[in-house]
Amino acid sequence: AYGVAAVVHGDEKSRHRFITPVGVEVDKFGRILQTSFGTNEVVVFSKGLEFEMKLSGISNPFDVAVDPDAAIYVSSFGGDRIHRFKRDGTSLGTFGRKGSGPGEFFGPEGIAVSPDRYLYVVDAGNHRVQKFTPDGKFLMAFGTRGPKPGQLLSPRSLAIEASPGSDTYAVLVMSQEGNLLQ
């Protein structure tokens, strides 16, 4: 059976205030990273739910992902780019820009890291998913606008499903309603 493991509330100074929280991730240290779309930041809590830090200056952060080395990736819906940070919050820069070409975005939303450390980003406005190296080099994209196999209509999120005991994995793409698209 499932139950509530913890509830995190903001304090009177609004240090932990969320406006439109969208993405959440738990890293290998048990830290919780929560995007706040409306306050343009990601708030990081320790495993014990103590405030650790904020990653600020991200235009409408939609989702957050953490790789096996604890590097943090944040999709900036409003900035049409991906922000990269070290575990301690030090910026490693950004990649991407507004557009429809390889490595460009029109409203990046869901973001996930595969077991082999590749970054997958839902490029919702361009109806596709793009794959990048950990440092942001574009590798490939899949999906075009439409309802047929291989096509996507405004994908929202994705998850990486690893095959136990294998080097293979599946990328699952979801609609805004949470339905499996591909």
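The following conversation goes through the strands, sheets and selected residues of a predicted model.

Visitor: What kind of model is this, and how are residues numbered?
Guide: This is a predicted model, in which local features need pLDDT of at least 70 and side-chain atom pairs count only at pLDDT 80 or more, while totals for chains, interfaces and linings use all residues. Residues are numbered from 1 along each chain as its sequence is written, and side-chain values use heavy atoms, with hydrogens and water left out.

Visitor: What is the mean pLDDT?
Guide: The mean pLDDT (the predictor's confidence in each residue, from 0 to 100) is 85 for the protein, and 85% of its residues reach 70 or more. Over residues 1-7 the pLDDT is below 50, and this stretch has 1 contact (heavy atoms within 4.5 Å) beyond near neighbours in sequence. Where pLDDT is low, the predicted coordinates should not be read in detail.

Visitor: How many helices and strands are there?
Guide: The protein has 0 helices and 14 strands. Both are DSSP runs numbered from the N terminus: helices are H or I with at least four residues, and strands are E with at least two. Along the sequence the pattern reads β-β-β-β-β-β-β-β-β-β-β-β-β-β.

Visitor: Which strands make up the sheet that contains strand 3?
Guide: That open sheet has 4 strands in the order 1-2-3-4, with antiparallel pairing; two strands pair if DSSP finds at least two bridges between them. Its edge strands are strand 1 (21-26) and strand 4, each pairing on one side only. The twist averages 20° from one strand to the next, based on axes that are lines fitted to C-alpha atoms (for helices over the stretch in contact), with angles from 0 to 180 degrees between N-to-C directions.

Visitor: Is strand 3 buried or exposed?
Guide: Strand 3 (residues 41-45) is mostly covered, with 5 of its 5 residues buried. Buried means under 20% relative accessible area, exposed over 50%, and partly exposed in between (1.4 Å probe, protein chains only). In a regular strand the side chains alternate between the two faces of the sheet. Both faces of strand 3 are covered: E41, V43 and F45 are buried on one side, and V42 and V44 on the other.

Visitor: How many bridges does strand 3 form with strand 2?
Guide: Strand 2 (residues 32-36) and strand 3 pair in the antiparallel sense over 5 bridges. Within this pairing, I32 has F45 as its bridge partner. The two strands form a hairpin with 4 residues between them, and N40 in the turn has a positive phi of about 60°.

Visitor: And on the strand 4 side, how many bridges?
Guide: Strand 3 and strand 4 (residues 51-56) run antiparallel and are joined by 5 bridges. In strand 4, L55 is the bridge partner of V42, and F51 is the bridge partner of F45. This hairpin has 5 residues between the strands.

Visitor: Where is L49, and what is its phi?
Guide: L49 lies in the loop between strand 3 and strand 4. Its phi is near 65°, a positive value in a residue other than glycine. Most residues other than glycine have a negative phi. L49 is partly exposed, with a relative accessible area of 27%.

Visitor: What about H127?
Guide: H127 also has a positive phi, near 55°. H127 is placed in the loop between strand 10 (119-123) and strand 11 (128-132). H127 is buried, at a relative accessible area of 10%.

Visitor: Changing topic, what is the order of the sheet with strands 5 to 8?
Guide: These 4 strands form an open sheet in the order 5-6-7-8, with antiparallel pairing. Strand 5 (61-66) and strand 8 (91-95) stand at the edges with a single partner strand each, so one side of each is left without a neighbour in the sheet. Neighbouring strands here are turned by 20° against each other on average, direction ignored.

Visitor: Which residue stands opposite V74?
Guide: V74 stands opposite H83 in strand 7. Strand 6 (residues 72-76) and strand 7 (residues 81-85) run antiparallel, joined by 5 bridges. H83 counts as buried, at 13% relative accessibility. Leaving aside neighbours within four places in sequence, the contacts of H83 include G57, I58, Y73, G93 and T94.

Visitor: What percentage of the whole protein is buried?
Guide: Of its 182 residues, 41% count as buried.
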